[in-house]
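Here is a short guide for a first look at this structure. Keep the sequence and the 3D view open as you read.

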Amino acid sequence: MKYEGSCHCGNIAFEVEGEFDTGLDCNCSLCRRRGGLLAFVSAEKFTLTTPAEDVSTYTFNRHVIEHHFCAKCGIAPYGEGKDPKGNSMAAINLRCIPAIDLETLTITKVDGRSF
């Protein structure tokens, strides 16, 4: 299924293809503060539909994940990185997809503090 998502102000918008019935709740220093619910898809299932110049990026720790956010409204709708096998992935903040009923998701806790 294809979904549309965005930051709060719409400056960053995207389409993503997938079946989302679970979300990851990470407790790393960034995710704990940001409060997103993450799902991962291969990079080819993610399309940024607004100009890349509108995306701000933050990296920390080992600088292997690009945490993207909107400089206007502050919302972080997605990130990019690689899985353990080196495949390009997108980390989608499911809270940024209005069509997903968050109450129906199975939430998996991830101990990101220990990574």
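How many salt bridges does the count come to?

## Salt bridges

The count comes to three salt bridges. The model behind it is predicted.

Start with Glu 15 and Lys 2. They form a salt bridge, and their closest N and O atoms are 3.7 Å apart. Glu 15 sits in strand β2 and Lys 2 in strand β1 (residues 2-6), so this pair ties together parts that are 13 residues apart in sequence. Glu 15 counts as partly exposed because its relative accessibility is 24%. Lys 2 has a relative accessible area of 56%, so Lys 2 is exposed.

Next come Lys 109 and Asp 25. Their salt bridge has its closest N and O atoms 3.0 Å apart. This pair links distant parts of the chain. Lys 109 belongs to strand β10 (residues 106-110) and Asp 25 to strand β3 (residues 22-26), with their positions 84 residues apart in sequence. Lys 109 is exposed, at a relative accessible area of 65%. Asp 25 is partly exposed, at 23% relative accessibility.

Arg 113 and Asp 111 also form a salt bridge. Here the closest N and O atoms are 3.9 Å apart. Arg 113 is exposed, with a relative accessible area of 63%. Asp 111 has 39%, so Asp 111 is partly exposed.

## The nonpolar cores

Now turn to the buried residues. The largest nonpolar core has 20 residues. Which of them touch the most other members? They are Val 16, Phe 20, Phe 46, Ile 92, Leu 94 and Ile 97. Three elements each give two or more residues to this core: β2 (13-17), β4 (38-42) and β9 (88-93).

Take Leu 94 as an example. Leaving aside residues up to four places away in sequence, Leu 94 touches Phe 20, Thr 22, Gly 23, Leu 37, Leu 38, Ala 39, Ile 100, Leu 102 and Leu 105. Another core, of five residues, lies apart from the largest one. Its members include Cys 28, Leu 30, Cys 31 and Leu 38.

## A buried threonine

Find Thr 50 in the loop between β5 (46-48) and β6. Is Thr 50 buried or exposed? Its relative accessibility is 19%, and the cut-off for buried is under 20%. Thr 50 therefore counts as buried.

What does Thr 50 touch? Its contacts are Gly 10, Asn 11, Ile 12 and Ala 13, not counting residues up to four places away in sequence. Two of these residues also meet the Thr 50 side chain through backbone atoms. The side chain reaches the backbone nitrogen of Ala 13 at 3.0 Å. A polar atom of the same side chain lies 3.4 Å from the backbone oxygen of Asn 11.

## The loop between β6 and β7

His 63 lies in the loop between β6 (55-58) and β7 (66-70). Asn 61 is found in this loop too. His 63 counts as exposed because its relative accessibility is 52%. Asn 61 is exposed as well, at 54%.

Look at the backbone here. Phi of Asn 61 is near 55°, a positive value in a residue other than glycine. Phi of His 63 is near 60°, which is also positive. The His 63 side chain makes a polar contact of 2.7 Å with the side chain of Thr 59. Measure from C-alpha to C-alpha, and His 63 is 20 Å from Ala 39 in space. In sequence the two residues are 24 apart.

## The largest pocket

The largest pocket holds about 800 Å³ of space. Its lining has 33 residues. Which of them are the closest to its centre? They are Cys 26, Phe 40, Ile 65, His 67 and Phe 115.

Several elements give two or more residues to this lining: β3, α1 (29-34), β4, β8 (78-82) and β9. Which element gives the largest share? It is β8, with five residues.

Key
Residues are numbered from 1 along each chain as its sequence is written. This is a predicted model: local features need pLDDT of at least 70, side-chain atom pairs count only at pLDDT 80 or more; totals for chains, interfaces and linings use all residues. Side-chain values use heavy atoms; hydrogens and water are left out. A nonpolar core is a set of buried Ala, Val, Leu, Ile, Met, Phe, Trp, Tyr and Cys residues joined through side-chain atoms within 4.5 Å. Buried means under 20% relative accessible area, exposed over 50%, partly exposed in between (1.4 Å probe, protein chains only). Helices (H or I, at least four residues) and strands (E, at least two) are DSSP runs, numbered from the N terminus. Contact means heavy atoms within 4.5 Å. A polar contact is a pair of N or O atoms within 3.5 Å; within protein, one must be able to donate a hydrogen and the other to accept it, and residues adjacent in sequence count only if both atoms are side-chain atoms. A salt bridge is a side-chain nitrogen of Lys or Arg within 4 Å of a carboxyl oxygen of Asp or Glu. On a 1 Å grid over the protein atoms alone, a cavity is a set of points where a 1.4 Å probe fits but cannot get out, and a pocket is an open set with protein on both sides within 12 Å along at least five of seven lines; lining residues have an atom within 4 Å of a point. Grid points are joined across faces, edges and corners, and a volume is the space filled by probe spheres set on the points.
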